[in-house]
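Colleague: Could you take me through one part of this model up close, the sheet pairing, and then show me how the rest fits around it? I'd like it residue by residue where you can.

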Amino acid sequence: SYHFDLDNDNYYLNLNHDTWFNYKDIKKTSNQSFLDLYEEVVNISFKGYKAFSNSEYVSINNISRINVVIGKNNCGKTSLLDVVELVYCENAPIRTGKEIESVYFDIPFNNDFVERVFGSGYSSIGAWTKASLSKYVNGKLFSLEIRGNNKIALKNNNEFYNLSEHVRRAMGVFEERRERYRFRKISAERNINPEAEGEIVLDNNGEGATNLIRVFINDCNFDESVIESNLLNALNLIMMPEAEYESIRVQQVDYLGEICWEVFLQEKGMQRVSLSKTGSGLKTIVLVLLNLMVIPKIDEYKGYKLIYGFEELENNLHPALQRRLFEYLYNFAIENDIIIYLTTHSHIAINVFFNKEEANIFHVSKEKGIAKIKNIETHIDKTELLDDLDVKASDILQSNGIIWVEGPSDRIYINKF
């Protein structure tokens with residue numbers, strides 16, 4: 001049910017919550033329908049969560065397809081993922097028990113919103129016409145605030161005073177849109193082990209991965225080619241030339257005195273190997289591909305827009321393999337129109353994503369015990385980030401190649417090249 005109040009030339013819309021919206025000018029505009037606006041979250045600002053300040057807002061701005069959250073251990077990277085999950089998933093604080101003082105996030109106005117305000121049968125409302133309202137909101141943002149236990153309040157300046165009831169009707173679709181999102185996470189601590197036959201549930205620590213693969217390969221209600229062709233081809237794209245796999249199978253094994261299912265990979269020219277006995281790097285790549293390619297095809301997630309948060313994918317991955325995995329994620333995000341957040345303390349991620357058009361890097365650090373966030377936009381920012389990560393000159397030995405130049409100005413031409 002909706003409840004609507006007017007107070008001091010401001011109006012508030014309660015969607016079973018406490019919520020307010022305002023707007024501000026931006027350069028970005030959107031031609032998407034209002035139903036798709038939620039995936040166009042532009043900025044997220046928050047305060048009062050874990051190590052982040054209770055008095056000052058911190059922000060991640062110009063959110064892209066790939067959003068790299070980089071910093072030392074225990075600096076607040078995972079806490080930032082918690083906030084992102086709260087923005088996209090209405091049930092996040094209820095399910096996880098998270099509490100946060102305040103979160104703002106921005107989404108753009110567009111003409112479809114104007115159409116919903118006027119509905120049918122209205123050529124004008126007060127002093128506003130469709131044309132004048134469309135011109136006024138073009139290039140502006142809603143700023144939505146979430147407070148406490150997912151309570152939201154919508155607030156506008158008094159220019160919209162006479163539109164209050166009509167804005168309420170138009171904004172009803174916002175809550176519907178929020179319900180269409182699911183946040184998928186891979187934790188830094190993860191593994192894949194043999195599993196007894198069970199439900200199709202893939203946890204963020206990797207539990208359920210074997211059963212998910214088993215069901216798609218063995219159950220006639222699922223398409224085995226998703227695993228045996230699509231996932232396997234993607235795995236080889238990332239792993240080659242170090243390894244190339246010809247097949248992926250599941251069979252029953254005796255595991256700790258119990259009959260369980262195990263995943264086996266057949267490497268070209270090698271004996272097949274059980275996935276549980278391979279290195280953690282290979283397991284990480286398999287978990288990433290399961291989340292990207294398989295999870296969207298199970299009933300629980302069909303029809304939902306997925307947002308991903310992957311923690312420290314670089315663990316136990318060689319730098320060359322990190323680069324291929326990061327490149328794969330970037331291309332996949334663009335081709336499939338999804339948003340991925342990556343937490344990392346690897347300088348490889350900086351080199352891969354720094355000049356990418358659809359990627360942003362956010363540096364999370366601590367100063368006197370308070371976490372802060374900085375958008376990495378310049379080479380000076382990048383240098384400061386490397387210093388914070390304690391990257392040494394000796395790390396150059398892991399480079400693919402070295403170019404010696406006469407002086408700093410030559411860097412301009414190398415970067416342009």
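Modeller: Let's start with Glu 311, whose bridge partner in β17 is Thr 343. Bear in mind that this is a predicted model. The strands involved are β16 (residues 305-311) and β17 (residues 339-344), which run parallel and are joined by 5 bridges. Helix α8 (residues 280-294) packs on the sheet here, touching β12, β16 and β17, and its direction makes about 170 degrees with that of β16.

Zoom out a bit and you get the whole sheet: 6 strands, open, in the order β12-β16-β17-β6-β18-β19, with mixed pairing. At the edges stand β12 (181-186) and β19 (370-375); each has a single partner strand, so one side of each is left without a neighbour in the sheet. Direction ignored, neighbouring strands of this sheet are turned by 20 degrees against each other on average. As a reminder, strands of a sheet pair through backbone hydrogen bonds, either parallel or antiparallel.

Now for another sheet, an open one of 3 strands in the order β13-β14-β15, where the pairing is antiparallel. Its edge strands are β13 (245-255) and β15, each pairing on one side only. Between β13 and β14 (residues 258-267) there are 10 bridges, in the antiparallel sense. If you want to trace that ladder, Tyr 245 has Glu 267 in β14 as its bridge partner, and Gln 252 stands opposite Trp 261, also in β14. The hairpin of β13 and β14 has 2 residues between the strands, and Leu 256 takes a positive phi there, near 55 degrees.

Two helices pack on this sheet. Helix α6 (residues 209-218) touches β13 and β14, its direction making about 115 degrees with that of β13. Helix α7 (residues 225-239) also touches β13 and β14, and for α7 the angle with the direction of β13 is about 110 degrees.

Over at the β15 edge, have a look at Ser 274, which sits in that strand (residues 273-274). Ser 274 has a relative accessible area of 8%, and buried means under 20%, so Ser 274 counts as buried. Leaving aside its neighbours within four places in sequence, Ser 274 is in contact with Glu 262, Val 263 and Phe 264. Those three fall within the residue range of β14, 258-267.

Away from the sheets, there's a helix pair worth a click. The axes of α3 (residues 111-118) and α4 (residues 130-137) come within 9 Å and cross at roughly 140 degrees. That makes α3 oblique to α4, because the angle falls short of the roughly antiparallel class, which takes angles over 145 degrees. The crossing is right-handed. On the α3 side of the contact are Asn 111, Val 114, Glu 115, Val 117 and Phe 118, and they meet Lys 130, Leu 133, Ser 134 and Val 137 in α4.

And the chain as a whole? There are 12 helices and 19 strands in the protein chain. Of its 417 residues, buried ones make up 52%. If you take contacts between residues at least 6 apart in sequence, 69% of them join residues at least 24 apart. The accessible surface comes to about 20,600 Å², and 45% of that belongs to carbon and sulfur atoms.

Terms used
Residues numbered from 1 in each chain as written. Predicted model: local features only at pLDDT ≥ 70, side-chain atom pairs only at ≥ 80, totals over all residues. Heavy atoms only, no water. Helix = DSSP H or I, 4+ residues; strand = E, 2+ residues; numbered from the N terminus. Buried < 20%, exposed > 50% of the residue type's maximum accessible area, 1.4 Å probe, protein only. Contact = heavy atoms within 4.5 Å. Pairing = 2+ DSSP bridges. Axes fitted to C-alpha atoms, helices over the stretch in contact; angles between N-to-C directions. Areas by Shrake-Rupley, 256 points an atom, 1.4 Å probe, with all protein chains shown as cover. Parallel < 35°, antiparallel > 145°, perpendicular 65-115°, else oblique. Left-handed = near helix turned anticlockwise from the far one by under 90°.
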